[in-house]
Amino acid sequence: QVQLTESGGGSVQIGGSLRLSCAAAGGGSRIRDMGWYRQAPGKQRDMVATITRTGEPDYVDSVKGRFTISRDNAKNTVYLQMNSLKPEDTAVYYCNAAEFRIAGPREYWGKGTLVTVFS
C-alpha cells in the first residue's frame, strides 16, 4: 500500500510562486511515474505535470515555462515549483503515483492541496 502526503499549497498573489511537495510512503523502487493533477471548481481533474522515474517530465501546455516538476527517488518525493502564477491556476492540486505490480500498475492519489491565486 502506498500513501501520498502533499504539502505546500496556499494563497499567493498573481505572479507569485509556490512549491508543492508530495512524499510517497511505501512502494519503494516500485514507484514509477509520479505527477500532479488539478481540479478547479466545477471542472474535471486534469494533468498538470508528470515525471518518469528516470526524470523525463511532461507538462500541459498552459504551464510550460512557468512550472517545473522534479523528484527525489531516494525519498520517493515529487515536487512542483510553480512560478508566475495566474488566477486560472487556482485549483486543488492532487499528487499521483503509479506503482509497478506484476498484475499491472496501480495508481494512488493524495488528498489534495488547495492553491489560490488572487489579485
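In which strand is Glu99 found? I looked this up at the outset and found Glu99 in strand β9. I note here that the model is predicted.

**Entry 1. Glu99 and its surroundings**

I checked the accessibility of Glu99 next. Its relative accessible area is 1%, so I record Glu99 as buried, the limit being under 20%. I then listed the contacts of Glu99, leaving aside residues up to four places away in sequence. Glu99 touches Val2, Gly27, Arg30, Ile31, Gly104, Pro105, Arg106 and Tyr108.

For the side chain of Glu99 I noted two polar partners. One polar contact, of 2.8 Å, is with the side chain of Arg30. Another, of 3.1 Å, is with the side chain of Arg101.

**Entry 2. Salt bridges**

How many salt bridges does a search of the whole structure find? I recorded five. I examined several of the pairs by residue.

I began with Arg30 and Glu99. They form a salt bridge in which the closest N and O atoms are 2.8 Å apart. Arg30 sits in the loop between β3 (18-25) and β4 (31-39), while Glu99 belongs to β9 (residues 91-99), so this pair ties together parts that are 69 residues apart in sequence. The two partners have unlike surroundings in my notes: Arg30 is partly exposed at 38% relative accessibility, whereas Glu99 is buried at 1%. I also wrote down that Arg30, Glu99 and Arg101 are linked in a network of salt bridges.

I turned next to Asp89 and Arg66. Their side chains meet in a salt bridge, with an N to O distance of 2.7 Å. This pair links distant parts of the chain, 23 residues apart: Asp89 is in the loop between β8 (77-82) and β9, and Arg66 is in the loop between β6 (57-59) and β7 (67-72). I found Asp89 buried, with a relative accessible area of 1%. Arg66 is buried as well, with a relative accessible area of 10%.

I then looked up Asp61 and Lys64. They form a salt bridge, and their closest N and O atoms are 3.0 Å apart. Asp61 counts as exposed, at 60% relative accessibility. Lys64 counts as partly exposed, at 48%.

**Entry 3. The largest pocket**

What volume does the largest pocket have? I entered a value of about 180 Å³. I then wrote out the residues that line this pocket: Arg38, Gln39, Ala40, Lys43, Gln44, Asp46, Met47, Val60, Ser62, Glu88, Thr90 and Ala91.

I sorted the lining by class and obtained four nonpolar, four polar and four charged residues. I also asked which strands contribute to the lining. β4 and β5 (46-51) each supply at least two residues of the lining.

**Entry 4. Thr52**

Where is Thr52 found? I located Thr52 in the loop between β5 and β6. Thr52 is partly exposed, with a relative accessible area of 22%. That value places Thr52 outside the buried class because buried requires under 20%.

Leaving aside residues up to four places away in sequence, I found that Thr52 touches Asp33 and Arg71. I noted also a polar contact of 3.0 Å between the side chains of Thr52 and Thr54. As a further distance, I recorded 23 Å between the C-alpha atoms of Thr52 and Gly9, which are 43 residues apart along the chain.

**Entry 5. Positive phi angles**

I looked up backbone angles at two residues. As background, most residues other than glycine have a negative phi.

Phi of Asn76 is near 45°, a positive value in a residue other than glycine. I placed Asn76 in the loop between β7 and β8. Is Asn76 buried or exposed? I entered Asn76 as buried, at 5% relative accessibility.

Ser84 likewise is not a glycine, and its phi is positive, about 50°. I placed Ser84 in the loop between β8 and β9. Ser84 is partly exposed, with a relative accessible area of 39%.

Methods: Residues are numbered from 1 along each chain as its sequence is written. This is a predicted model: local features need pLDDT of at least 70, side-chain atom pairs count only at pLDDT 80 or more; totals for chains, interfaces and linings use all residues. Side-chain values use heavy atoms; hydrogens and water are left out. A salt bridge is a side-chain nitrogen of Lys or Arg within 4 Å of a carboxyl oxygen of Asp or Glu. Helices (H or I, at least four residues) and strands (E, at least two) are DSSP runs, numbered from the N terminus. Buried means under 20% relative accessible area, exposed over 50%, partly exposed in between (1.4 Å probe, protein chains only). On a 1 Å grid over the protein atoms alone, a cavity is a set of points where a 1.4 Å probe fits but cannot get out, and a pocket is an open set with protein on both sides within 12 Å along at least five of seven lines; lining residues have an atom within 4 Å of a point. Grid points are joined across faces, edges and corners, and a volume is the space filled by probe spheres set on the points. Ala, Val, Leu, Ile, Met, Phe, Trp, Tyr, Cys and Pro count as nonpolar, Asp, Glu, Lys and Arg as charged, and the others, Gly among them, as polar. A polar contact is a pair of N or O atoms within 3.5 Å; within protein, one must be able to donate a hydrogen and the other to accept it, and residues adjacent in sequence count only if both atoms are side-chain atoms. Contact means heavy atoms within 4.5 Å.
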